[in-house]
Amino acid sequence: MVQIRLDVPQQDTGRVDVDAWKEGLSDSDRPKIRAAIELVQDEDCRQFGFDLAQLLVDLELDSDAVATGLVYEMARTHALSKETLEETLGGTVANLVDAMLRMASTSEYQLSNLPMLGNEARNQVDNVRNLLVALIDDPRVAVIKLSERVIALRMAKTQDPETVRRLAREALRIFAPLAGRLGVWQLKWALEDLAFRQLHPGEYKRIATSLAARRQERERRVGKIVKELKRRLADAGIEAEVIGRAKHIYSIWRKMRRKGIDLSQVYDAEAVRVIVDDVQRCYGALGVVHTAWPHIGSEFDDYVANPKENGYRSIHTAVMGPEGRVLEVQIRSREMHRQAEIGLCAHWEYKDERRQSLHSDKMSWLRRVLEWHDDVADLADLSDLETEPVSIDRIYVATPQGHVLDLTQGATPVDFAYRVHTEIGHRCVGARVDGFPVPLNTPLSTGQTVEITTDKTEQPRREWLNPALGFVKTARARMKIQSWFREQVVESNVAAGRTLLLDTLRRLDLSADASELAREAGYASENELWRAVGVGECQIIDLVRLIGRHRVEDRQLSLLPAAPEPEEAASVQEIHITGEDRQGLLRDITSVLAAMDIDVVSTVARADAQEESAAISICLRVRDILQLALAIDRLRRIPSVGDVRRS
């Protein structure tokens, strides 16, 4: 459970006890910190600044970073200039504050109800990139930014509900994954729990209340296990600190959702952590644990021998503990524990105010962090953020040569190809997973081996950029594909975009004035609109949504995007499918519709044996034009299907 406020000393009046807070600082830090405190006169800014500064102290950042935390909120309100900061606190603090202010737009992104959400989402991707570029210049910027988001969420209760929801969505979508990528787990857990509490207050309270009710029994069980494990470790000559570790509420909720279980079945909501002096004793402690209780073979990860990309090291195991309950155990050295808590903060020390020169290996590691923008792929698809917190996981797949690559959960062979090399992606014609051929839009899973088939004459396909078809998950692949199309002759992109849009409207039995549509979508001309469609900058589904806003009365079909409607409010629409007659065609069609949760009202199928063709008319119950458009798009990709259109 997250801590709502830090333990910043306060006077009886509720204001910050400045003198008591400064007593906790080292002598070398006090002059700069005192000067920063004197600059912050506004009481609200001072409270925010002290909370942020205390969190940065806990993360073991230096006095420049702590001073930045103290004055940031005051500077954000334009009450402190860069010149004043430079004169009073030095150039390093002034530059850190300036970097924070440049990134402030990252936390000002408003989820819009306007149809062209994709344009705004692309701006947000740029904001994320700016944050990561700033990270290259000075790693402290990212940590201060993440910490500032934690404090903003803690103090968000005074803001309007929509602003609070926006902060929470951003925390789950952008900042928590970044904190995980940097290994600052303390901030990742805080961001997730705080955001979850704001987005799902009922669920949060239910889990928190249940955990509180079970606390006494849980503490009794864990205390007994801790005592037993300490005794066994001492008998083996291993000096260790053994402590109980409670799972965070958001991770408990995710596990309940993922496995479809109740809170009472989340046995590892309680766990223990063993902290020893060195690596050798880590493995010694592992032996003691596995000797004491039966080991669950499928639950073991050795991140000491194989550290995570962000440097995280620890041994994770699970055993069948006392009372027949699953017990999760983490084993790590003291240095590993420090790094696990504060992540990249453990890697850098800043000893003066001049710009630091990072070692080449550290710079290389930081540049790899830039690939984190793969984790926020498809930022344009933000419709689920209102009701479903998003958390990005990684999968690990291998090349035939045994090289392991990490990708975003749900990545496909196309994503894999572009992860290997841009030219491999451009020339990709097929894929084999674990030796078997698969479609290029097949989601990959950890542990698989992927082999890409290429052809030197092959080129990227525009259909890869259609989110409805699922060919591309990662931002890296999408950007590489779009970049290739942008380098082609403008006229070819215009022609392709025009064809794609008109074909879609024909299948939906819709029409639109191209000039008016371009203006509504924010483009200077219809050619600009078609070019944007041709290179994947503008999604056709967004244009369908935009057209739909002006066609509410058309065929009694609500074209406005909306939350799922009750069944009786949905519209029945007929589509006509033509193609080659083959066994199983109707089954494949109904399977696609079932996967989209679309009800089939009636079906009429006719086969022409002489022509070996099939014609199928299906009445569907759909929510809106967007669902119908997606269904038509996916049905067209079924083998043997020639054309699909609204009747």
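1. E612 is a suitable place to begin in this predicted model, because at 56% relative accessibility the residue lies over the 50% cut-off and so counts as exposed. E612 sits in the loop that links β12 to β13 (613-622), and its phi is near 55°, which is a positive value in a residue other than glycine. As background, most residues other than glycine have a negative phi.

2. D597 can be read alongside E612, since D597 also has a positive phi, of about 60°, although it is not a glycine. D597 belongs to the loop between α24 (585-595) and β12 (599-608), and because its relative accessibility is 62%, D597 counts as exposed.

3. Both loops lead to β12, which belongs to an open sheet of 4 strands, with the order β12-β13-β11-β14 and antiparallel pairing. The edges are taken by β12 and β14 (641-646), each of which has a single partner strand, so that one side of each is left without a neighbour in the sheet. From one strand to the next, the twist of this sheet averages 15°.

4. Within this sheet, β12 and β13 run antiparallel and are joined by 9 bridges, and one residue pair that can be located in the model is V600 with its bridge partner L620 in β13. Helix α25 (residues 625-635) lies across β11 (571-580), β13 and β14, and its direction runs at about 165° to β14.

5. Another open sheet has 3 strands in the order β9-β8-β10, again with antiparallel pairing. Its edge strands are β9 (436-438) and β10 (450-454), each of which pairs on one side only, and the twist averages 35° from one strand to the next. Strand β8 (residues 428-433) pairs with β9 in the antiparallel sense over 3 bridges, and V433 stands opposite F436 in β9. Helix α17 (residues 413-420) packs on this sheet, where it touches β8, β9 and β10, and the direction of α17 makes about 80° with that of β10.

6. Which helices pack against α4? Among them are α3, α6 and α8, and these three contacts are taken in turn below. Two packed helices are described by the angle between their axes and the distance between the axes.

7. Helix α3 (residues 43-58) packs with α4 at an angle of about 155°, with the axes 7 Å apart. An angle over 145 degrees counts as roughly antiparallel, and α3 and α4 are therefore described in that way. The crossing in which α3 passes α4 is right-handed. On the α3 side the contact is made by C45, F48, G49, F50, L52, A53, L56 and V57, which meet A65, V66, G69, L70, E73 and M74 in α4; by class, this contact has 11 nonpolar, 2 polar and 1 charged residues.

8. The packing of helix α4 (residues 63-76) with helix α6 (residues 91-102) has an angle of about 50°, and their axes are 9 Å apart, which makes α4 oblique to α6. This crossing is right-handed. The residues of α4 that take part are D64, A65, A67, T68, V71, Y72, A75 and R76, and they meet T92, V93, L96, V97, M100 and L101 in α6. Divided by class, the contact of α4 with α6 has 10 nonpolar, 2 polar and 2 charged residues.

9. With helix α8 (residues 139-154), α4 packs at an angle of about 40°, the axes being 11 Å apart, and α4 and α8 are therefore oblique to each other. The crossing of α4 and α8 is right-handed. Here D64, A65, T68 and Y72 in α4 meet R140, I144 and E148 in α8, and the residues of the contact divide into 3 nonpolar, 1 polar and 3 charged. A reader following α4 through the model may note that A65 has a place in the contact with α3, in the contact with α6 and in the contact with α8.

10. Turning to the chain as a whole, the elements discussed above belong to a set of 25 helices and 14 strands. Of the 647 residues of the chain, 50% count as buried. Among contacts in the chain with a separation of 6 or more, residues 24 or more positions apart account for 70%.

Key:
Residues are numbered from 1 along each chain as its sequence is written. This is a predicted model: local features need pLDDT of at least 70, side-chain atom pairs count only at pLDDT 80 or more; totals for chains, interfaces and linings use all residues. Side-chain values use heavy atoms; hydrogens and water are left out. Axes are lines fitted to C-alpha atoms, for helices over the stretch in contact, and angles run from 0 to 180 degrees between N-to-C directions. Helices (H or I, at least four residues) and strands (E, at least two) are DSSP runs, numbered from the N terminus. Angles under 35 degrees count as roughly parallel, over 145 as roughly antiparallel, 65 to 115 as roughly perpendicular and the rest as oblique. A crossing is left-handed if the near helix is turned anticlockwise from the far one by less than a right angle, and right-handed if clockwise. Contact means heavy atoms within 4.5 Å. Ala, Val, Leu, Ile, Met, Phe, Trp, Tyr, Cys and Pro count as nonpolar, Asp, Glu, Lys and Arg as charged, and the others, Gly among them, as polar. Two strands pair if DSSP finds at least two bridges between them. Buried means under 20% relative accessible area, exposed over 50%, partly exposed in between (1.4 Å probe, protein chains only).
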